[in-house]
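Student: I'd like to learn how to read a model like this one, feature by feature. Can we start with the surface and work our way in?

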Amino acid sequence: MNSFIRDLEKAISDEWTAYYFYKDLQSRTNNPLYVEFIEHAKKDEKEHYEMFQYLHYLYTGEYYEHKKEKIEYTTFKEGVLRALKDELEAAEFYRDMLLEMPNQQAYNPLFIAMTDEMEHSTRFSTIYNSLR
């Protein structure tokens, strides 16, 4: 259970960081399709953050106080590539957490987050490939 809680805390921090990263990334483009794709991912990351905080509360009786990190990048293209890589890693991370979950309560939030991250990677891949 302890390693699962540690992973859950990492997920909470990562989702918070991704939300603010996408908020910034979205402000760096005016392409309507890019804005729509980033908005979708940003909205999902906020939902994942809330689901994981609730799950943490169910397991520990408290919400997780995470450190606030900011992702640095110089160009929109660099940010999109970073987002793509992060989404692919997150999908794998949540798959591994699914295999280690202590009970069925964690299944829905992890499954939703895992499949959303795969969808986000497709969206960011589409953006990235159109920037070439």
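Tutor: Sure, surface first. The protein chain has an accessible surface of about 7,500 Å², and 51% of that belongs to carbon and sulfur atoms. Accessible areas here come from the Shrake-Rupley method with a 1.4 Å probe, and for residues only the protein chains shown count as cover. Keep in mind that this is a predicted model, where local features need pLDDT of at least 70 and side-chain atom pairs count only at pLDDT 80 or more, while totals for chains, interfaces and linings use all residues. Residues are numbered from 1 along each chain as its sequence is written, and side-chain values use heavy atoms, with hydrogens and water left out.

Student: How many helices and strands does the protein chain have?

Tutor: Helices (H or I, at least four residues) and strands (E, at least two) are DSSP runs, numbered from the N terminus. Here you get 4 helices and 0 strands, so the order from the N terminus reads α-α-α-α.

Student: What radius of gyration does the protein chain have, and what would a compact globule have?

Tutor: The radius is taken over C-alpha atoms, and the globule rule is 2.2 Å times the number of residues to the power 0.38. With 132 residues, the rule gives a value near 14 Å; the protein chain has 15 Å, which agrees. Along the principal axes, the C-alpha trace spans about 45 × 25 × 20 Å.

Student: What share of the residues is buried?

Tutor: Buried means under 20% relative accessible area, exposed over 50%, and partly exposed in between (1.4 Å probe, protein chains only). Buried residues make up 45% of the 132 in the protein chain.

Student: And how do I read contacts along the sequence?

Tutor: A contact means heavy atoms within 4.5 Å. Among contacts between residues at least 6 apart in sequence, 77% join residues at least 24 apart.

Student: Is tyrosine 128 buried or exposed?

Tutor: Tyrosine 128 counts as buried because its relative accessible area is 13%. Tyrosine 128 lies in helix α4, residues 107–130, and touches Lys77, Val80 and Leu81, leaving aside residues up to four places away in sequence.

Student: Which helix holds tyrosine 107?

Tutor: Helix α4 again. Tyrosine 107 is partly exposed, because its relative accessibility is 31%. With residues up to four places away set aside, tyrosine 107 touches Leu98 and Met101.

Student: How far apart in space are glutamate 9 and histidine 66?

Tutor: Their C-alpha atoms are separated by 7.4 Å, with these positions 57 residues apart along the chain. Glutamate 9 sits in helix α1, residues 2–26, and touches His56 and Tyr64, again not counting residues up to four places away. Now take tyrosine 128 and histidine 66: they are 62 residues apart in sequence and 30 Å apart in space, C-alpha to C-alpha.

Student: How many aromatic pairs are there?

Tutor: Rings of Phe, Tyr and Trp (its six-membered ring) pair if their centres lie within 6.5 Å; planes under 30 degrees apart count as stacked, over 60 as edge-to-face and the rest as tilted. A search of the whole structure finds 11 pairs. Tyrosine 57 and tyrosine 63 form a stacked one, 4.8 Å centre to centre with 20° between the planes. Tyrosine 57 is partly exposed because its relative accessible area is 37%, while tyrosine 63, at 52%, is exposed.

Student: Which residues form an aromatic cluster?

Tutor: Phe21, Tyr22, Tyr73 and Phe124 form one.
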